[in-house]
Amino acid sequence: MAKGILKFNKDRCKGCELCVVVCPKMILKIHDYEVNAMGYRPISVTDMDQCIGCGSCALMCPDGVISIYTEEVPAK
Amino acid sequence: MKKIFEYTKGMLPVSTHYCPGCTHGIAHRLVMEVLEERGLLGESIGVAPIGCSILSHNYMNVDMCESAHGRAPAVASGIRRAMPDKIVFTYQGDGDLASIGAGEIVHAAHRGEKFTTIFVNNAIYGMTGGQMAPTTLIGQKSTTGIEGRKKEISGMPLRVAEMLATIDGAVFVERVALNTPANIRKAKKAIDKAFAVQEKRLGFSFVEVLSTCPTNWGLNPVESLKWLGKNMIPYYPLGNLRSPEEVE
Ligand SMILES: Cc1ncc(C[n+]2csc(CCOP(=O)(O)OP(=O)(O)O)c2C)c(N)n1
Ligand code: SF4
Ligand code: SF4
């Protein structure tokens, strides 16, 4: 599986934790103290290196917060 | 960097008014991803209901029309007939579609109107504060059934997909759920087929989407996904009820 790099549009996050519970690597966490423009504590990642780029978090997010990229070119 | 996932251009880059964790946002995105991938964003006209998704026209990046409560199928029928080359869909909640609008949807299906309906079943009236819907489960509490729904008083919850699947004009009928990534993938496939049916002008297509309403269920967003899986799916089984050969 390609390694993923997550980008967050934090101001759209509502801190619902739906992404947190579907991440197989358990590397997503609601930020401890940050507050976004809507007043929610937004999502953050604890260890980006562990992301396998499965896309589950982005599929689950109702608010279009998460984009996922990879630097690896998949082998043909 | 190679893209694995980006928010679809079918959704405007704004925050929505939906409650945290409400799966209306996922349903919106799936419909818009399908339209984007099919190259139909510029060709589509959506009809918004009355309910929490009343403001979906502020988020979906297609032309949209508002409709009176439950009347989206009538409005969509008119638009579809006046503009036969457009792709037309309604996006409706269970209060809107299964209660006040039950007659509209039955007859749109019966006439075989060539539009697509996305039916978001969250087993409650969301917008107005948690009243009982025709789809509210037995025992489920609501503000108009504080002891939980009772069969003797309110009847059994209405299975809309099964009901519509008995109508010849409804050529594609499927029920999906938004409680897990795997089910979300299946939901997108069903929505894609529903629009394929419309592109081929085969008849009326319908996808029932089991969705959450954390606020009025009185559960947090994560508990709501579990509640959906444990209580809604056993009563509202997932799967295809009707599909024409042309889209298999
Ligand atoms: C003619 C009419 N009757 C009643 C209402 C009040 N009303 C607004 S939304 C709604 C129900 C919405 O529930 P649902 O369709 O399940 O959508 P949700 O909010 O759960 O997404 C009702 C009864 C109305 N706006 N118009
Ligand atoms: S699912 Fe989306 S809105 Fe919810 S916490 Fe995760 S990033 Fe934020
Ligand atoms: S009231 Fe329910 S359906 Fe409406 S936005 Fe909130 S959670 Fe979603």
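Chain B and chain A bury about 2,400 Å² between them, and 67% of that area lies on carbon and sulfur atoms. On the chain B side, B:Met1, B:Ile4 and B:Phe5 lose the most area to chain A. Together these residues account for 26% of what that side buries. The model is predicted.

**Contacts across the interface**

In this model, 29 residues of chain B touch 29 residues of chain A. No salt bridges are counted between chain B and chain A. Polar contacts are present: 11 residue pairs, with both partners at pLDDT 80 or more.

**What chain B contributes**

Four elements of chain B each give two or more residues to the side that touches chain A. They are tabulated here.

| Element of chain B | Residues |
|---|---|
| β1 | 2–5 |
| α1 | 24–37 |
| α7 | 181–199 |
| α9 | 221–235 |

Of these, β1(B) gives the most, with 4 residues. By residue class, the side of chain B that touches chain A divides into 17 nonpolar, 7 polar and 5 charged residues.

**Strand pairing between the chains**

Which strand of chain A is joined to β1(B)? The partner is β4 of chain A, residues 66–70. The two strands run antiparallel, and 3 bridges join them. Within this pairing, A:Thr70 stands opposite B:Lys2.

**In brief**

β1(B) has two roles in this picture. It gives the most residues to the chain B side of the interface, and it is joined by bridges to β4 of chain A. The interface has 0 salt bridges and 11 residue pairs in polar contact.

Note on methods
Residues numbered from 1 in each chain as written. Chains lettered and ligands numbered in written order. Predicted model: local features only at pLDDT ≥ 70, side-chain atom pairs only at ≥ 80, totals over all residues. Heavy atoms only, no water. Contact = heavy atoms within 4.5 Å. Buried area = accessible area lost by both parts, 1.4 Å probe. Salt bridge = Lys/Arg side-chain N within 4 Å of Asp/Glu carboxyl O. Polar contact = N/O pair within 3.5 Å; in protein donor to acceptor, adjacent residues only side chain to side chain. Nonpolar A, V, L, I, M, F, W, Y, C, P; charged D, E, K, R; others polar. Pairing = 2+ DSSP bridges.
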